[in-house]
Protein chains: 2
Amino acid sequence: MFFKKLLRIKEAWKIIRSILEGKKLPTEKIEIDQALGRYIAEDLKSNVDIPTYDKSAVDGFAVRSAELTGASLYNPALLKIIGKSTIGSHSELTISEGEAIKIDTGAPLPKGADAVVELESCSVLGEYVEITKRVAPFTNVIRKGEDVKKGEVIMEKGSKIEPWHIALLKGVGIEEINVYIPPRVALISTGSELSSSWKEGKMVDTNKPNFKNLLKLLSINALDMGIVKDDRGDIRKVLEKACEVADIIVTTGGVSVGERDYTIKVLEEMGEIYLHGVAVRPGMPFAFARIGDVLVFALPGNPVAAYVDYKLFVELSILQLYNAKLQAIPVIAKLEYKVPSSLGFKELIRVKLIKREDVIYAVPVRRRGSSILSSITRSDGVIAIPEDCEGMPGGTVVKVYLHTQPWTGIIEE
Amino acid sequence: MFFKKLLRIKEAWKIIRSILEGKKLPTEKIEIDQALGRYIAEDLKSNVDIPTYDKSAVDGFAVRSAELTGASLYNPALLKIIGKSTIGSHSELTISEGEAIKIDTGAPLPKGADAVVELESCSVLGEYVEITKRVAPFTNVIRKGEDVKKGEVIMEKGSKIEPWHIALLKGVGIEEINVYIPPRVALISTGSELSSSWKEGKMVDTNKPNFKNLLKLLSINALDMGIVKDDRGDIRKVLEKACEVADIIVTTGGVSVGERDYTIKVLEEMGEIYLHGVAVRPGMPFAFARIGDVLVFALPGNPVAAYVDYKLFVELSILQLYNAKLQAIPVIAKLEYKVPSSLGFKELIRVKLIKREDVIYAVPVRRRGSSILSSITRSDGVIAIPEDCEGMPGGTVVKVYLHTQPWTGIIEE
């Protein structure tokens, strides 16, 4: 058995995307207080104007600006104070010619007034206020609807809900929203050498804790299907079980072209394999398949390779199901020293970011095998060396994709 | 009452930092599976080597490299196959002169062997294997300790625990770690016009939901002390109550220099005010105080000003208490069009990032008053215009500090 053809990341994504397009996540209505980190399933419009009325941005006097056109230090305007507008008040005060109303910051602008003169430019003389400057209409006024207009879309479908969104939504009176129900993701680790915790002579399965926690950041509580020995029958059984409870299955191990690579063999029997082998390093032995309606991401067992494929394919697929708005905004840095790369592969080099004298450097991590998990913990992100390069010289300006952000940019490159 | 002197952000930070240095958060031991997003309170060292033994990186034959120095296509070396090393096996096989052992990827390197020749370069002839190339010592071998060395620090105190850390820690057998116990933070909103949810004629207090959710991202469940009217006695009462249950109090409103700015007046009575007024826009009316042992961050009521002060002072203070390792790695972008700024103030302009033809532009948000909460939801981050600038022309290369990341860079600038 051989890899028939290594697909480029871009081609692999075209195939995955076409399958994802047929999928639609169900939605649910939840309280906005519980919505942090979820993805919104509809465009949200405001039913109100914010602010709901014109209000003053300063402490001062509400005036009719047209009456101050001639006002100056030598020719002050004299207006009669007919009342006060305070915060929280909703008096029916109206000003007419020659009148002004004292107004607090945030208080509603009285009818008839169209501007506010700040206290510093006013002198109060008994029942009158003397104003020594002219003001344009709506000076020091926060207009009704200036923050949010009634009917305006304030959050687009697919937006991730951040703290400030919750604030704004509460501000316009939206207390419940429709969000996507996260897909059910089952994790299966294959490998006779694996143990879920430290044991002499065994290897700890680090992929599962890594993916479990990465999935938490996407609001997903993954289903742990355990560790399976390198046994055809056992692997088939656990995949069958996973298909009953999950929308997405993520396996690790057994996906290369060796005799004992049973995962890929069982997937071939049980479902349809859409791609096997991607021209990326680490992460080359990756397969994407479907069993019935269940999507299967079959990742290699080596922790770095598995992580790379998770970031490139699993995470971005789930974000696509959430209709997430993603922008590829990498950190721009200077490569500290040259790195070699294999022709024909997109090579992902783990780099640490270091700032020296206002220049940001990307320092490649030295120990970098696909089993070297510490190459991730010692780095801030990756750079992607294109397929047609044999490496990059030191000093090259590179784009760094952070571990803490989606790697959209890499699949677009 | 006036602001005596506006401090620059940097000076304000010097004062805050000196107070924070006297504070030490307690720590607790927790299971690594529950540790996502927490901050580690000690340097963590590995008690083991990973991998724990030399192992093969490929399927092939384990050999003594010295015996292959003369091997070539025309002069192959012939070695006797004396056994097999499989994954998970721990046989006591040893190879001697003229011998080889079949070995699987990931299987332990037998004693006596120091390299592995990949299957593709081997021909099996009955009990013998013919090898047609020489190999350097440790070719295709993943060395013991290559990923993590025994005694090596694998996570430094103050690191935020990300999914890949959990994976690595589990990999070396660490199942429990010491983390900082998050400080208890009490939130108080002041303002007679405020309501916790939408009500005609009232204004929704958007600061509290914003901060509550921002604090969740720092593993803090904030204590909600409610909304307090602009009343000196009420404010005093709630502050006294908060002092009993919190390490940090965050208030909004009543911190400017007007008559009705009661929060600052009550703080003056109850404790010590270290600074009042910072040369930043929005966010100028900010005070930092202490009542007994409790730190008080008194923020303005306007949602954008409050948010800016939260990001600049509250968030970074809590991260400092966590001893967080923070790097100021901004996104570099091109300013889309010119923005004005007030001399003497550090002006924070909300910008949206847009990528066009591989150039990243920072597009200033047009509606930008300090009450315009939508200027945050419509932007990705802020740029900081220095105190001695009257603005920035379009095309300027700017640093963008994202809403989703700490703004360390701004306080260092």
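**Exercise 1. Describe the six-strand open sheet of chain B and what packs on it.**

Solution. In chain B, an open sheet of six strands runs in the order β16-β13-β17-β21-β20-β18, with mixed pairing. Strands are DSSP runs of E with at least two residues and helices are runs of H or I with at least four, numbered from the N terminus; two strands pair if DSSP finds at least two bridges between them. The model is predicted: local features need pLDDT of at least 70, side-chain atom pairs count only at pLDDT 80 or more, and totals for chains, interfaces and linings use all residues. Residues are numbered from 1 along each chain as its sequence is written, while chains are lettered from A and ligands numbered from 1 in the order in which they are written.

Next, take the edges: β16 (223–228) and β18 (272–276) of chain B each pair on one side only. From one strand to the next, the twist averages 15°. β18(B) pairs with β20 (residues 287–291) of chain B in the antiparallel sense, over four bridges. B:Leu275 has B:Phe288 in β20(B) as its bridge partner.

Finally, helix α4 (residues 232–245) of chain B packs on the sheet and touches β13, β16, β17, β20 and β21 of chain B. The direction of α4 makes about 175° with that of β16(B). Axes are lines fitted to C-alpha atoms, for helices over the stretch in contact, and angles run from 0 to 180 degrees between N-to-C directions.

**Exercise 2. Find the rotation that superposes chain A on chain B.**

Solution. Superpose by least squares on the C-alpha atoms of residues with pLDDT of at least 70 in both copies. The result is a rotation of 180° with 0.1 Å of shift along its axis, at an RMSD of 0.1 Å. This is therefore the relation of a two-fold axis. Of the residues of chain A, A:Val331 comes closest to the rotation axis, its C-alpha lying at 2.8 Å.

**Exercise 3. Characterise the side of chain A that touches chain B.**

Solution. Count contacts, defined by C-beta atoms, placed from the backbone, within 7 Å. On this basis 54 residues of chain A are in contact with 55 residues of chain B. Among the elements of chain A that each supply at least two residues are α3 (207–216) and β24 (346–356). The most comes from α2(A), with eight residues. By class, this side of chain A has 25 nonpolar, 19 polar and ten charged residues. Here Ala, Val, Leu, Ile, Met, Phe, Trp, Tyr, Cys and Pro count as nonpolar, Asp, Glu, Lys and Arg as charged, and the others, Gly among them, as polar.

Key:
Two residues are in contact if their C-beta atoms, placed from the backbone, lie within 7 Å.
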